[in-house]
Structures are given as structure tokens and as C-alpha cells.
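Reader: Hey, got a minute to walk me through this model? I'd like the ligands and the domains.

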Amino acid sequence: MTSVSVLHCVCLIFFLACSADVEAARVVFNVMNGGAIADGKTDNSKVFENVFNQACQSSGRSVILIPGGTYMLRPVVFKGPCKGRVVFHVVGTLIAPSDMESSATDHWITFQYLDQLRIGGGGSLDGQGPSAWGQNTCSRSSSCKPLPASLKLDFVTNSRISKLTSINSKGVHMNIFACKGLELDQIYIKAPADSPNTDGIHIGSSSHINISDSMIATGDDCISMSPGSTNITMTNIKCGPGHGISVGSLGAQPDEEDVGVLTVRNCTFTGTQNGVRIKTWARPYASNVFDLTFENINMVNVNNPIIIDQQYCPGGNCQKGDSQVQIRDVTYRNIWGISSSKVAVALDCSQSKPCQQIQLSDINLLYHGPGGPAASTCFNAKGVADGRQQPPSCV
Ligand SMILES: *[C@@H]1O[C@H](CO)[C@@H](O)[C@H](O)[C@H]1NC(C)=O
Ligand SMILES: *[C@@H]1O[C@H](CO)[C@@H](O)[C@H](O)[C@H]1NC(C)=O
Ligand SMILES: *[C@@H]1O[C@H](CO)[C@@H](O)[C@H](O)[C@H]1NC(C)=O
């Protein structure tokens, strides 16, 4: 037992007498004591699983400590529910394996069925993406199998990830599924601009998520929100390179959950393909997108700063159709900077389900290239514009 855990027992015994805060009592589980080898080569996944299971069985607050050093870890699942609250404190660097077999799973590090989980410590996850990106066939095949997400959270509630770096994920850096009540802050994500499908943070079927004070530079969307994403707030995010912050793609399949109540605020996009984007397939599957706010956003050389694309077709080989995803109540407020293409505002909505209540307020996007100045294009976009409008509004 460490001295901290002894203190924990003492405080429990004399709880009433010393009136200690039992919530502050904690037990530290150092992976080195569990037999971890920080040589960057030895597989530590069994050790980490054992240490996690011990922490999980312990009541109160358990800290899994990963000290400085480089720890190779094969794909692992840390599965709750746990008796108490688990803190996964990474000071060192975890590195993924680089063989083909480990690329066949959908995850590298998964946390499941946990409440009040904390992940942080200032350390890094290195997904070893360069070893796997060549196996990504998604640009050639729509039925491709995604490469592993570096960090996967499934059914995690009331939790926080803070001060964590993710570099070179094989697939998505952080995948959030069926979670509720998450705080993500001071997250640093980095992969090359040409790394395939390395979305920074991908969210689906999850609600009440705040992401703030973070930097995301990657090869795909900085943040993407798929069906069932609701009540999500993104504040003070620096995105780029990457494909921007995207809602969608939606309308790919029947019976998708709605997406709503999203806010993107005080963000900077630098050299990205898109700024704030909503994308839906032109397929016959209905769902709704509502109550979106994009405000105080600086665009620095962004190709499509403001874009709604209801004919999303990345392979360029789609049947002609009309999206049945209804988009309504979308506000763009105080968005300024430089567009690297002429069409700075592109609102391409569905013909049979036109976008409703689009509001553009104080837009100031310049384009300095050939064929300028900047322009807007609207198809089936209904709404209002007020304040400054550069380019001139088409709603
Ligand atoms: C997200 O931020 C809002 C406003 O700052 C706050 O009310 C809410 O509790 C936060 N949610 C989470 C899950 O931290
Ligand atoms: C968003 O959160 C609020 C407050 O918890 C809730 O009333 C509302 O129904 C939520 N909206 C959606 C679309 O989930
Ligand atoms: C966002 O930026 C505005 C204007 O710079 C500032 O007044 C506001 O406090 C910021 N909000 C947050 C949540 O950071």
C-alpha cells in the first residue's frame, strides 16, 4: 500500500473525528507497481487491465498513475461499472502497436460503462498512425473498415478529460459514443494534414458535452457530430489544418436520430478545408437538425468558411436525389476573416426540405484571390440577415 492509501484508511477510520472529506480520500495505483515496463516495446496491456480492475473494485477515488516513460499498449478495454471513481492519470506516453493485426480492431484504448471518470495528467497517446494509414481504403471504397480510434468512450457519463495529447491516431483520435455529461478541455490533437480519416473528436448518440480550450490539427474534421449529438458546446478551439467543425454527415441511413442544440463559439480556423459545415447526403432518409449557433469565429485562409451541403457526396458517385434532413434555426453571428475561395458563404439546402430560419449577423469574410471579391450562394435557404454582410447575403 502506498502512503496515500494508508492515509485514505486512516481518514476513513477517523472520518467523523477528523471530519475529512471522504470524497478527497484516494488510493493510488501506480502501473509500475503492477509490473509495467516503460521501454516502449513490451506489451503492457495485461498489466494495465489488472491495475484498472483493482482500481475499479476499490471504493472512493482511485488514481491509476502512469508515470513518465513510454509504454507500449496493445488494444485494451477498461470496462465498468466501477465501485468508486476512477482517475486515469497519464504523465508518460502510451504508444500503440504498429503491426497489421492491431489495426483490425475498431479501437486502441476504450473506456466503457463508467461514471465520473477522469482522464488527464498532461501525457500523450501516440497512435502510431503512419504504420497504418497506407491500409486506409476509404478514398477508394465506401464499405471500408475504419482504422482504430485511439481513445474510445462508450457509455461514459459525468466525466472529464483534461490535459491530454493525442498524436497520429490510426483512425479517429477520440470517439465518443452514447455518452452523457462530458467536459473535455486542454486537449491537444495532432496528425498531418494528409492523414486519412483522422477526425479529432467524433461524437455520436451523446449529449451534454463541452469541449473547450483545445487545439486540433489533423487530416479530417477537427470535430464531427453524427446522428444523436445534442446539447454540445465547443468554446475556444483552434482548428487547423483539418476539415473544420462538421455536423454530419447525416441522412446516410433510415431512422437516424436528430441533431440539435449545438454551439460553436470563440473558435479560430486556420488553413482548413471548411470552417463550420453541415453536410447531409441527398438520400430519402428523414431527420432533423435544429438550434445551431456559430459565433465569434475567426477564419484564417479557410476554403469554405460557412457551408451547408445537402448534396454531400465525397466519392462523387451518388444517385441524384433530394435530402430529407430538415435543417432549421441556424445562427451565424460575428464571423470574420479570410476565405481562400470566392464562395465564402455557401448554403446549399434541400429542395423539398428547404433550410428554415437561417440567421446571418455580422459576417465579414474577405477573398483576395482572382475573380474576387467574396460571394455567397444560396439554394433553398430561408432566413434573415442583419448587421454587416460581406459578402452580400443571399438569404
Ligand atoms: C457545459 O457548459 C455549460 C455552460 O458553461 C454548463 O452549464 C454545463 O454544466 C456544462 N456541462 C458539462 C457536462 O460540463
Ligand atoms: C438540451 O438540454 C436541455 C437542458 O438539459 C434540455 O431541456 C433539452 O431538452 C436538451 N435538448 C435536446 C435536443 O436534447
Ligand atoms: C468569447 O469571446 C467574446 C468576445 O471576445 C468574449 O466576450 C466572451 O467572454 C468569450 N466567451 C467565452 C465563453 O470564452
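Author: Sure, here is a run through the basics, the domains and then the ligands. The model is predicted, so to read it: local features need pLDDT of at least 70, side-chain atom pairs count only at pLDDT 80 or more, and totals for chains, interfaces and linings use all residues. Residues are numbered from 1 along each chain as its sequence is written, chains are lettered from A and ligands numbered from 1 in the order in which they are written, and side-chain values use heavy atoms, with hydrogens and water left out.

Reader: What are the domains of the protein chain?

Author: Domain 1 is 21-135 + 142-220 and domain 2 is 229-395; the bounds come from an automatic or database domain assignment. Their centres, taken over C-alpha atoms, are 31 Å apart. On the contact (heavy atoms within 4.5 Å), 19 residues come from domain 1 and 16 residues from domain 2.

Reader: How much area do domain 1 and domain 2 bury between them?

Author: About 1400 Å², with 45% of it on carbon and sulfur atoms. Buried area here is the accessible area (1.4 Å probe) that two parts lose on being put together, summed over both. On the domain 1 side, I211, I216 and D220 supply 29% of the area buried against domain 2, more than any other three residues.

Reader: And how many salt bridges across the interface of domain 1 and domain 2?

Author: Zero by the rule, which asks for a side-chain nitrogen of Lys or Arg within 4 Å of a carboxyl oxygen of Asp or Glu. There are 19 residue pairs in polar contact between domain 1 and domain 2, both residues at pLDDT 80 or more. A polar contact is a pair of N or O atoms within 3.5 Å; within protein, one must be able to donate a hydrogen and the other to accept it, and residues adjacent in sequence count only if both atoms are side-chain atoms.

Reader: OK, ligands. Which residues are around ligand 2?

Author: H208, T230, N231, V261 and F290, each with a heavy atom within 4 Å of the ligand. Polar side-chain atoms of N231 and H208 lie 2.3 Å and 3.1 Å from an oxygen atom of ligand 2. The protein buries 40% of the 360 Å² that ligand 2 exposes when taken alone (Shrake-Rupley method, 1.4 Å probe).

Reader: Which residues surround ligand 1?

Author: G181, L182, E183, H208 and N210. A side-chain N or O atom of E183 is 2.4 Å from an oxygen atom of ligand 1, and for a polar side-chain atom of N210 the distance to a ligand 1 oxygen is 2.3 Å.

Reader: Last one, what's around ligand 3?

Author: T235, N266 and N296. The protein covers 30% of the 360 Å² of accessible area that ligand 3 has on its own.
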